[in-house]
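I opened this model to look up its enclosed space first, and then a few of its strands. Here are my notes, in the order I took them.

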Amino acid sequence: MSDLPATRVRCPDCGTVLDTSTAESACPKCGGLLAVEHEPALRGAALRALFDERAATAALTTNAVARSGVWRYRELVLTADDDTIVSHPEGNTPVVARDAAAAYAGLDGLLLKHEGHNPTGSFKDRGMTVALTQARRIGARAVACASTGNTSASLSAYASQAGIPSFVFVPEGRVSAGKLAQTVAYGARTLQIKGDFDDCLRLARDASDTLGVYLVNSVNPFRIEGQKTIVFELLQQLGWQSPDWIALPAGNLGNTSAFGKALSEAHAFGLIDRVPRLLAVQAAGAAPFAQAYADHFAQRISVRAETRATAIRIGDPASWDRAVRAIAATNGVVESVTDDEIFAAKAVIDRCGVGCEPASAASVAGVRALVARGVIRREERVVAVLTGHLLKDPGGNASHESTPPLTPDEALALLREVIDQG
Ligand code: F0G
């Protein structure tokens, strides 16, 4: 083992090493996005046993850190004092199987890991608990992010818990009502910007550079560390037996990067003996990464994004290079699906009683597309991650049938008619 600290921040591009008290997202030398690296003292079966022991006792305590499905894996996330950690708690999300969803995808079986069961209704809470803990560790005066709505809702909640003022930049008229309501209610100063998400992110980076506000978009390396735990928790729920594929929706590519890093580490540290393949799925109108994948990542692409899955309406993804590494490390695939395919998959997921927001359904739509093309075989073991809760985007459910308002008598007559028809 090296004499470097057990956890450190490093630039994967030029190798510059910083200690974990840094407030930077980008390397001060070359501008590459920084990464957190770990040298855990335990490996393999001993590390699995430590995580299993914590999981077994988590439900029996009210201590947030001990319950958290993020801090359970702290040796591979961040070592911080319990008193500093800002935890709701988060994580511990279910894996469910529904025959109708599997049949829709064309598979013998399909598992859905539902990250919409996090405290603010999306996977963002996993990264935010770590980012706000880091904000406390470095004594940040204020925190900020750009968002399509879920990051901002999560930031707002965790910043309020931490007692740190927060500022969010959201694209005007493009954030669902549910997400905006959360963001405002939890207490963030919410600035609607004339522009799209990509404009908002540029603004957030400028604000961070010029005003010293701590940036907690997924370019922040500590966000990535928290989001890795979606994969660690999933692998643990599967008894540390790797599935063949893990599918997820992709926008700014922070989560794709986190999944790739988690799988590489899980393999390197002996938690699993085989790396599953990643399937990153973009909306066809916001698919620069899928376009570049088709061209072997010969060049970086940006587009003017348009999709009704507003969470992933992103044309110039920030975590590009590390997502390319994630796809390479997992022999992964990047796919794009149309809005119609996304909403058709969402309708199936909703009707199973599971439900998700539109962007989340891209994962299942992408699996279906790859099964149809013969890339995924029907007997393979596939997990699709649902990233956000159905109630996040009430407008996204407009396709579901509902009657106009009825009197009780009219309702009874309608019911009789429907039941009589069988
Ligand atoms: N699914 C949902 C529900 C999201 O909110 C996002 C991103 C993604 C998938 C894509 O993840 O950006 O890491 O590739 N939402 C961000 C936000 C952009 O601001 O809430 P990604």
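I began with the largest cavity: 25 residues line it, and Phe-123, Lys-124, Asn-252, Ala-311 and Ile-312 lie nearest its centre. A cavity here is a set of points, on a 1 Å grid over the protein atoms alone, where a 1.4 Å probe fits but cannot get out, and lining residues have an atom within 4 Å of a point.

A note to self on the source: this is a predicted model, with local features needing pLDDT of at least 70 and side-chain atom pairs counting only at pLDDT 80 or more, while totals for chains, interfaces and linings use all residues. Residues are numbered from 1 along each chain as its sequence is written, and side-chain values use heavy atoms, leaving out hydrogens and water.

Next I looked up the volume, and the largest cavity holds about 310 Å³ of space. Its lining divides into ten nonpolar, twelve polar and three charged residues. I found that α5 (150-162), α8 (221-227) and α10 (254-268) each give the lining at least two residues; helices (H or I, at least four residues) and strands (E, at least two) are DSSP runs.

Then I turned to β13 (382-386), where five of five residues are buried, meaning under 20% relative accessible area with a 1.4 Å probe. Val-382, Ala-384 and Leu-386 point one way, Val-383 and Val-385 the other.

Which strands join β13? β5 (111-114) does so through four parallel bridges, with Lys-113 partnered by Val-385. β10 (245-249) runs parallel too, through three bridges, and Trp-245 has Val-382 as its bridge partner.

Key. On a 1 Å grid over the protein atoms alone, a cavity is a set of points where a 1.4 Å probe fits but cannot get out, and a pocket is an open set with protein on both sides within 12 Å along at least five of seven lines; lining residues have an atom within 4 Å of a point. Grid points are joined across faces, edges and corners, and a volume is the space filled by probe spheres set on the points. Ala, Val, Leu, Ile, Met, Phe, Trp, Tyr, Cys and Pro count as nonpolar, Asp, Glu, Lys and Arg as charged, and the others, Gly among them, as polar. Buried means under 20% relative accessible area, exposed over 50%, partly exposed in between (1.4 Å probe, protein chains only). Two strands pair if DSSP finds at least two bridges between them.
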